[in-house]
Amino acid sequence: MFDFKGKVVLVTGGGAGIGRATAELFGELGARVAVLEIAQDRCEAVRSLLVEAGVDALVQRGDAADAGDVDALMSAIDARFGRLDVLVNNVGDFLGMAAPFAETTPAGWNALYQVNLHHVFLVTHATLPLLRRTGAGSSIINVSTIEAFRGIPNAAVYSAFKSAITGFTRSLALELAPEGIRVNAIAPETTETEQVPISRWIPEEYRDLVPRFIPLGRYGEPRDAAGSAVFLASELAAWITGTTINLDGGALAAGGWRQTRDGRWTNRPVIEANAHRSPPTAVPGPELLPPGL
Ligand SMILES: NC(=O)c1ccc[n+]([C@@H]2O[C@H](COP(=O)([O-])OP(=O)(O)OC[C@H]3O[C@@H](n4cnc5c(N)ncnc54)[C@H](O)[C@@H]3O)[C@@H](O)[C@H]2O)c1
């Protein structure tokens with residue numbers, strides 16, 4: 001059921017992080033893989049990786065938000081493989097922009113639009129003739145973020161475009177359903193990648209607190225997202241369209257709930273002065289709920 005032999009999968013931004021893991025996993029499962037990647041060095045690295053793994057791979061340097069590059073890619077896929085079964089619209093970037101909305105500019109909004117939404121329209125539009133040629137059983141997987149389902153302070157515009165991806169996913173799914181072409185999305189929580197090297201962003205003395213924030217005890221690995229994309233593209237997901245898988249270790253389910261240092265759930269302020277390597281100053285008691293509540 002996870003056998004993609006004979007199938008062709010396109011992953012945009014497949015040179016790093018979630019995209020690279022997705023390209024690798026589809027390749028491991030027998031797919032022929034096309035990658036569009038803007039960074040030349042990453043093109044070369046992912047090409048070697050896929051070829052060494054025995055994957056029939058087409059890695060093309062180009063910008064997913066550039067119509068000329070996307071058209072050239074479609075011609076290359078058609079010439080090389082003659083078909084397309086799965087499109088993974090993976091490109092996306094917060095561009096290091098973390099600022100109050102009042103301080104953002106139209107130029108910044110447009111840059112975020114190009115890298116988070118425009119290319120989804122452009123690449124999807126360009127692949128439709130190939131996907132339609134394959135017909136029923138082909139599918140599109142868009143990469144959103146868990147932040148499409150909760151707020152992110154200082155990233156209002158990024159989160160707006162990522163939320164738009166889930167709306168696009170639902171509506172396009174309806175349009176293509178009569179042809180048997182499915183459209184779904186995945187929404188990852190913080191995942192260790194080149195763009196988000198979370199392990200380097202958290203000082204060592206705070207790392208033991210990660211399980212207090214993510215119920216399943218860790219941040220995501222690119223392979224977690226790749227697994228969800230593979231599932232959505234597989235026959236096992238044959239009746240799933242228009243939906244988004246939250247891929248978040250339980251973070252969204254937890255909402256405002258957190259665990260205290262000693263593992264008790266709370267939705268109340270817990271104040272720990274000098275939280276690490278010294279005894280917590282918050283006294284467990286009426287401030288904290290009993291375990292299990
Ligand atoms: N890493 C996370 O914590 C996280 C969380 C939620 C959602 N996401 C989403 O997952 C997707 C992948 O994120 P990541 O962290 O793996 O990113 P990443 O930056 O590590 O990898 C993305 C790759 O895409 C390439 N790329 C960027 N712009 C491109 C363009 N215009 N055309 C072609 N290639 C381009 C980059 O060079 C890079 O190799 C994005 O859509 C991102 O928004 C990531």
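Start with the shell around the ligand: its residues divide into ten nonpolar, twelve polar and six charged. Keep in mind throughout that this is a predicted model.

**The ligand and its shell**

Select the ligand and the 28 residues around it; Glu37, Asn90, Lys162, Thr191 and Thr193 come nearest. Now show the side chains that place polar atoms by the ligand. On Glu37, a side-chain N or O atom is 2.6 Å from an oxygen atom of the ligand. Move to Asp63, where a polar side-chain atom and a nitrogen atom of the ligand are 2.8 Å apart. Then pick Gln195: here a polar atom of the side chain lies 3.0 Å from a ligand oxygen atom.

Switch on a surface for the protein. On its own the ligand has 830 Å² of accessible area, and the protein covers 94% of this. To see which elements take part, colour α1 (17-28) and α5 (156-176), the elements that give two or more residues to the shell around the ligand.

**Strand β2 and its neighbours**

Glu37, already selected for its 2.6 Å approach to the ligand, belongs to the next stop, strand β2 (residues 32-37). Is β2 mostly covered or mostly open? Five of the six residues in this strand are buried, so β2 is mostly covered, taking buried to mean under 20% relative accessible area.

Add strand β1 (residues 8-12), which pairs with β2 in the parallel sense over five bridges. To find one of these positions, select Thr12, whose bridge partner in β2 is Leu36. Follow the chain from β1 through α1 to β2: this β-α-β crossover is right-handed. The helix in this crossover, α1, is one of the elements coloured earlier for their share in the ligand shell.

Next add strand β3 (residues 57-61). β2 and β3 also pair in the parallel sense, over five bridges. Which residue of β3 stands opposite Glu37? Select Arg61, which holds that position in β3. Between the two strands, trace helix α2 (residues 40-52); β2, α2 and β3 make a right-handed β-α-β unit.

**Glu189**

For the last stop, go to the loop between β6 (182-188) and α6 (198-201), and select Glu189 there. Is Glu189 buried or exposed? Its relative accessibility is 8%, and because buried means under 20%, Glu189 counts as buried. Show the side chain of Arg150 as well: a polar contact of 3.1 Å joins the side chains of Arg150 and Glu189.

Notes: Residues are numbered from 1 along each chain as its sequence is written. This is a predicted model: local features need pLDDT of at least 70, side-chain atom pairs count only at pLDDT 80 or more; totals for chains, interfaces and linings use all residues. Side-chain values use heavy atoms; hydrogens and water are left out. A residue is near a molecule or strand if one of its heavy atoms lies within 4 Å of it. A polar contact is a pair of N or O atoms within 3.5 Å; within protein, one must be able to donate a hydrogen and the other to accept it, and residues adjacent in sequence count only if both atoms are side-chain atoms. Accessible areas come from the Shrake-Rupley method with a 1.4 Å probe; for residues, only the protein chains shown count as cover. Helices (H or I, at least four residues) and strands (E, at least two) are DSSP runs, numbered from the N terminus. Ala, Val, Leu, Ile, Met, Phe, Trp, Tyr, Cys and Pro count as nonpolar, Asp, Glu, Lys and Arg as charged, and the others, Gly among them, as polar. Buried means under 20% relative accessible area, exposed over 50%, partly exposed in between (1.4 Å probe, protein chains only). Two strands pair if DSSP finds at least two bridges between them. A crossover is right-handed if, with the strands pointing away from the viewer, the path from the first strand over the helix to the second runs clockwise.
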